[in-house]
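Trainee: I have a model open and would like to talk through the labels people put on it. Could you take me from the values to the words?

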Amino acid sequence: MRLSLARVKQSEGNVLDFKFEENIRQIKVKQEDLNFAEPVRVEGRVENIGDRILEVQGSIKTSVEDSCYRCLAKIRVNLNISFCFKFSDVPIEFDEEEIIPFSGDEIELRPYILNEIILNWPGQILCKPDCKGICPHCGANLNITACHCKDEEIDPRLSVLKQFLERD
C-alpha cells in the first residue's frame with residue numbers, strides 16, 4: 001500500500017485519488033488472531049493542504065471471521081472504517097493534531113491502515129444483540145436449545161439472605 005506523492009507535493013491544492021486491495025491473512029488484536037475473510041480494500045484521496053502538509057483521507061473495507069463472545073458461534077464481521085492522516089516531510093509542531101513525519105516521495109500506508117483496523121475493532125462481537133450465550137454447567141448453546149440445568153449456586157456474599165428467606 002505504497003502511495004507515490006511526487007506530483008502531489010509540488011504545489012498546494014494538488015490532489016491524488018487512490019485505491020488499494022491487499023490480501024492480509026491475519027493480525028493480532030487483544031491477544032487473539034483476526035482472520036480476514038476477504039482482501040482489505042482501501043480507497044481515498046491525498047491532498048496538499050499547504051505548509052508542506054499532505055492530508056490522506058479515505059475508507060477501509062473488509063470482513064473478518066471471528067467468534068461470538070457469548071456463544072462462540074462463528075460469525076463474519078464487516079468493517080467500514082473512515083480515516084484521516086496528515087503527513088509532512090518537515091518537522092512540524094501542532095498541539096491539536098498529529099502530523100506524521102515522512103521522507104522521500106512515497107508513504108507506506110499499510111501500518112497506518114492496520115492500526116486503524118485494530119483501533120476500531122469492537123470490544124465485543126455478538127452473533128446477535130440478544131445472544132443468550134452458553135450454559136455454564138452443560139455448555140449448551142442457549143440460542144439453539146433450552147437446557148434443563150438448575151442453577152442453585154448462590155453467591156457466598158448473599159447466602160445470609162437465603163437463610164433469611166428460609167426462616168419465613
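Trainee: How much accessible surface does the protein chain have, and what part of it belongs to carbon and sulfur atoms?
Mentor: In this predicted model, the accessible surface of the protein chain is about 11,300 Å², and carbon and sulfur atoms hold 47% of that.

Trainee: What share of the residues counts as buried?
Mentor: Of the 168 residues in the protein chain, 33% do. The label needs a relative accessible area under 20%.

Trainee: How do you know how the protein chain compares with a compact globule?
Mentor: Set two radii of gyration side by side: a compact globule of 168 residues would come out near 15 Å, but the protein chain has 25 Å. The box filled by its C-alpha atoms, along the principal axes, is roughly 85 × 35 × 20 Å.

Trainee: Which elements is the protein chain built from, and in what order do they run?
Mentor: There are 3 helices and 9 strands. Starting at the N terminus, the order is β-α-β-β-β-β-β-β-β-β-α-α.

Trainee: Which residues of helix 2 are buried?
Mentor: In helix 2, residues 110-119, they are Ile113, Leu114, Glu116 and Ile117.

Trainee: Why say that these buried residues line one face of helix 2?
Mentor: Look down the axis of helix 2: the buried residues fall within an arc of 155°, so one face of the helix is what they line.

Trainee: And what covers the buried residues of helix 2?
Mentor: The cover includes strand 3 (26-29), strand 4 (32-36), strand 5 (40-50), strand 6 (53-67) and strand 7 (74-88).

Trainee: Now the loops. Why is Asp51 called exposed or buried?
Mentor: Exposed means over 50% relative accessible area. Asp51 has 63% relative accessibility, so it counts as exposed. Asp51 sits in the loop between strand 5 and strand 6, and its phi is near 55°, a positive value in a residue other than glycine.

Trainee: What makes Leu72 exposed?
Mentor: Its relative accessible area is 55%, so Leu72 passes the cut-off and is exposed. Leu72 lies in the loop between strand 6 and strand 7. Phi of Leu72 is near 70°, again positive in a residue other than glycine.

Trainee: One last thing: how far apart are the mean positions of the positive and negative charges?
Mentor: For the 22 positive and 30 negative charges of the protein chain, the mean positions are 7 Å apart.

Note on methods. Residues numbered from 1 in each chain as written. Predicted model: local features only at pLDDT ≥ 70, side-chain atom pairs only at ≥ 80, totals over all residues. Heavy atoms only, no water. Helix = DSSP H or I, 4+ residues; strand = E, 2+ residues; numbered from the N terminus. Rg over C-alpha atoms; globule rule 2.2 N^0.38 Å. Buried < 20%, exposed > 50% of the residue type's maximum accessible area, 1.4 Å probe, protein only. Areas by Shrake-Rupley, 256 points an atom, 1.4 Å probe, with all protein chains shown as cover. Lys, Arg positive; Asp, Glu negative; His and termini not counted. Charge placed at Lys NZ, Arg CZ, Asp CG, Glu CD. Arc of directions from axis to C-beta. Contact = heavy atoms within 4.5 Å.
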